[in-house]
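Please look at the sequence and the model shown here before reading on. The report follows the chain from its overall layout to its cores and then to one loop.

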Amino acid sequence: MKDSEYYVWVLVGSIILTIILLSMAPLVPIDEPLVYRASSGVTYNLTIPVGVSFSAFIALIIFIISILLVSGYKNDYYNMIIDASGISFVFLNYLNYYLIWYVWRPQIQMLPFLVEISYNHAATLQLDIGQIVIVIFLYRLYKRLRKPRSLSGPDEKL
């Protein structure tokens, strides 16, 4: 399979996987879907951000398991599962950060492999797994594009 055709199928697979995972978002068990904040008098609906976070987690699990089980195979279809789940996770991960920002309006600062979230004078620094998955995906892309090709036609050595 050509590389361009392969990545078109990876993109199609990641879109399908993202849609399937987002449709699973309402299945997440959440104890308190609404949170009332007395200091501002605002009620926050946590159902959507928690559901997207759950969907991103499932995509990450698919990515990790597929990397561990099938990364050594040369089969394009197995590698499509890895790449499609990685792209799906990255999209859902950053959609989740956007929803966190949209609901609470914290200050979010992206750092190399870290995210700092500040809200009401409290800050937290967390590992950004989305950036790690992007690096793994780009490494796999580089490795795929750099593999030796067989020559054909007048360029072929006899």
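Read from the N terminus, the elements of this protein follow one another in the order α-β-β-α-α-β-β-β-α, which comes from a model that is predicted. In total, the secondary structure amounts to four helices and five strands.

As for overall dimensions, the C-alpha atoms fill a box of roughly 80 × 30 × 25 Å when it is taken along the principal axes. The radius of gyration of the protein is 20 Å, whereas a compact globule of 158 residues would have one near 15 Å. Among contacts between residues at least 6 apart in sequence, 55% join residues that are at least 24 apart.

Turning to the surface, the protein exposes about 10500 Å², and carbon and sulfur atoms supply 67% of that area. Of the 158 residues, 31% count as buried. The protein carries 11 positive and 10 negative side chains, and the centres of these two sets lie 7 Å apart.

In soluble globular proteins, nonpolar side chains tend to be buried together. Here the largest nonpolar core has 12 residues in all, including Leu-17, Leu-21, Ala-59, Phe-63, Ile-82 and Leu-92. Helix H1 (3–23), helix H2 (47–70) and helix H3 (76–104) are the elements that give two or more residues to this core, and H2 provides the largest share of it, with five residues. If we follow one member of this core, Leu-21, and leave aside residues up to four places away in sequence, we find that Leu-21 touches Ser-55, Ile-58, Ala-59, Ser-88 and Leu-92. Apart from this core lies another one, of five residues, among them Tyr-6, Tyr-7, Val-10 and Met-80.

The loop between strand E4 (114–119) and strand E5 (122–127) holds Asn-120, and His-121 is found in the loop between E4 and E5 as well. What is the sign of phi in Asn-120, a residue other than glycine? The value is positive, near 50°, and His-121, which is not a glycine either, also has a positive phi, of about 65°. The table sets out the accessibility of these residues.

| Residue | Relative accessible area |
|---|---|
| Asn-120 | 45% |
| His-121 | 89% |

Because residues count as exposed over 50% relative accessible area, His-121, with 89%, is exposed. Asn-120, with 45%, is partly exposed, since that class lies between the limits of 20% and 50%.

Conventions:
Residues numbered from 1 in each chain as written. Predicted model: local features only at pLDDT ≥ 70, side-chain atom pairs only at ≥ 80, totals over all residues. Heavy atoms only, no water. Buried < 20%, exposed > 50% of the residue type's maximum accessible area, 1.4 Å probe, protein only. Core = buried A, V, L, I, M, F, W, Y, C linked by side-chain atoms within 4.5 Å. Contact = heavy atoms within 4.5 Å. Rg over C-alpha atoms; globule rule 2.2 N^0.38 Å. Areas by Shrake-Rupley, 256 points an atom, 1.4 Å probe, with all protein chains shown as cover. Lys, Arg positive; Asp, Glu negative; His and termini not counted. Charge placed at Lys NZ, Arg CZ, Asp CG, Glu CD.
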